[in-house]
Amino acid sequence: MCQQCDYASLLKKARLEPTDNRLRVLEVIGGNRYPLSAGDIFQTLQRTSAINRVTVYRILELLVDRGLVDRISTAGRAAYYGLAPNEHHAPHPHFYCTRCGRMECLEPGSLTLSGDALRKTFPGRIDKVEVRVDGLCNFCLRSFSFT
């Protein structure tokens with residue numbers, strides 16, 4: 001769990017009641033060093049107490065809508081979820097392995113894209129900039145056979 005984030009306060013600032021299930025979802029997401037799929041979040045929550053799969057999906061949608069959680073797209077229809085940028089988490093790019101489907105967080109400074117520069121050239125409103133790098137992770141690269 002992120003030692004810096006107070007999930008109850010984050011929920012209250014977003015005008016959401018800090019229910020047990022919302023707090024649990026945020027704790028699972030914040031407790032990982034990489035984004036998780038909705039299925040991974042559900043399975044992790046199921047280990048400690050019963051929760052309905054639909055409830056998890058609804059909470060994720062609500063947290064995304066309120067800006068507490070980011071939905072990170074993959075090459076397909078699936079999505080991963082990570083904490084949205086806040087005072088303790090800088091915006092950062094992600095790496096997606098096209099072979100095994102693992103999503104990893106990259107260091108914030110490893111690939112930069114200035115939202116300010118985009119805003120100067122794009123006449124509309126930009127709410128979010130998402131950067132994803134696709135390729136093969138180290139594990140898949142080592143096990144990949146070129147023969």
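Select R132 to begin: this arginine is partly exposed, with a relative accessible area of 27%. The model is predicted. Now add D134. The two side chains form a salt bridge, and the closest N and O atoms are 2.6 Å apart. D134 is partly exposed as well, at 36% relative accessible area. Neither value falls under 20%, so neither residue counts as buried.

**Next stop: R71 and E61**

How many salt bridges does a search of the whole structure find? The count is 3. Select R71 and E61 for another of them. Their side chains meet at 2.5 Å, N to O. This pair links distant parts of the chain. R71 belongs to strand β2, residues 69-73, while E61 belongs to helix α4. The two are 10 residues apart. Check the surface here. R71 is partly exposed at 29% relative accessibility. E61 is partly exposed too, with 36%.

**Along helix α4: V56**

Stay on the helix and select residues 53-65, which make up α4. E61 is in this helix, and V56 is there too. Is V56 buried or exposed? It is buried, because its relative accessibility is 0%. E61, by contrast, is partly exposed.

Show the contacts of V56. Leaving out residues up to four places away in sequence, V56 touches these:

- A38, I41 and F42
- L45 and I51

Now select G39 and draw a C-alpha to C-alpha distance to V56. The value is 9.0 Å. In sequence the two residues are 17 apart.

**Third salt bridge: R102 and E104**

Move to R102 and E104. Their side chains meet in a salt bridge, at 3.6 Å from N to O. Both ends are partly exposed: E104 has a relative accessible area of 28%, and R102 has 37%.

Keep R102 selected and add Y34. What does R102 lie over? The answer is the face of Y34, at 4.3 Å from the ring centre. R102 therefore takes part in two arrangements to display together: the salt bridge with E104 and the placement over the Y34 ring.

While rings are on display, look for aromatic pairs. The structure holds 0 of them.

**The surface patch: L136, L141 and F144**

Select L136, L141 and F144 and switch on the surface. Together they form a nonpolar patch. Their combined accessible area is about 230 Å². Where is F144 found? Look in the segment after α6, the helix of residues 138-143. F144 is partly exposed, with 34% relative accessible area. A residue needs over 30% to join a patch, so F144 qualifies on that count.

**Zoom out: the whole chain**

Color by secondary structure. The protein chain has 6 helices and 6 strands. Trace the elements from the N terminus: α-α-β-α-α-β-β-β-β-α-β-α. Along the principal axes, the C-alpha atoms fill a box of roughly 50 × 45 × 30 Å.

Color by accessibility next. Of the 147 residues in the chain, 34% are buried; V56 is one of the buried residues. The chain exposes about 9600 Å². Carbon and sulfur atoms supply 49% of that area.

Finish with a contact map. Take contacts with a separation of 6 or more. Residues 24 or more positions apart account for 51% of them.

How values were computed. Residues are numbered from 1 along each chain as its sequence is written. This is a predicted model: local features need pLDDT of at least 70, side-chain atom pairs count only at pLDDT 80 or more; totals for chains, interfaces and linings use all residues. Side-chain values use heavy atoms; hydrogens and water are left out. Patches are made of residues with over 30% relative accessible area and no salt bridge: like charges are joined within 9 Å, nonpolar side chains (Val, Leu, Ile, Met, Phe, Trp, Tyr) within 5 Å. Accessible areas come from the Shrake-Rupley method with a 1.4 Å probe; for residues, only the protein chains shown count as cover. A salt bridge is a side-chain nitrogen of Lys or Arg within 4 Å of a carboxyl oxygen of Asp or Glu. Helices (H or I, at least four residues) and strands (E, at least two) are DSSP runs, numbered from the N terminus. Buried means under 20% relative accessible area, exposed over 50%, partly exposed in between (1.4 Å probe, protein chains only). Rings of Phe, Tyr and Trp (its six-membered ring) pair if their centres lie within 6.5 Å; planes under 30 degrees apart count as stacked, over 60 as edge-to-face and the rest as tilted. A charge sits over a ring if NZ of Lys or CZ of Arg is within 6 Å of the ring centre and within 35 degrees of the ring normal. Contact means heavy atoms within 4.5 Å.
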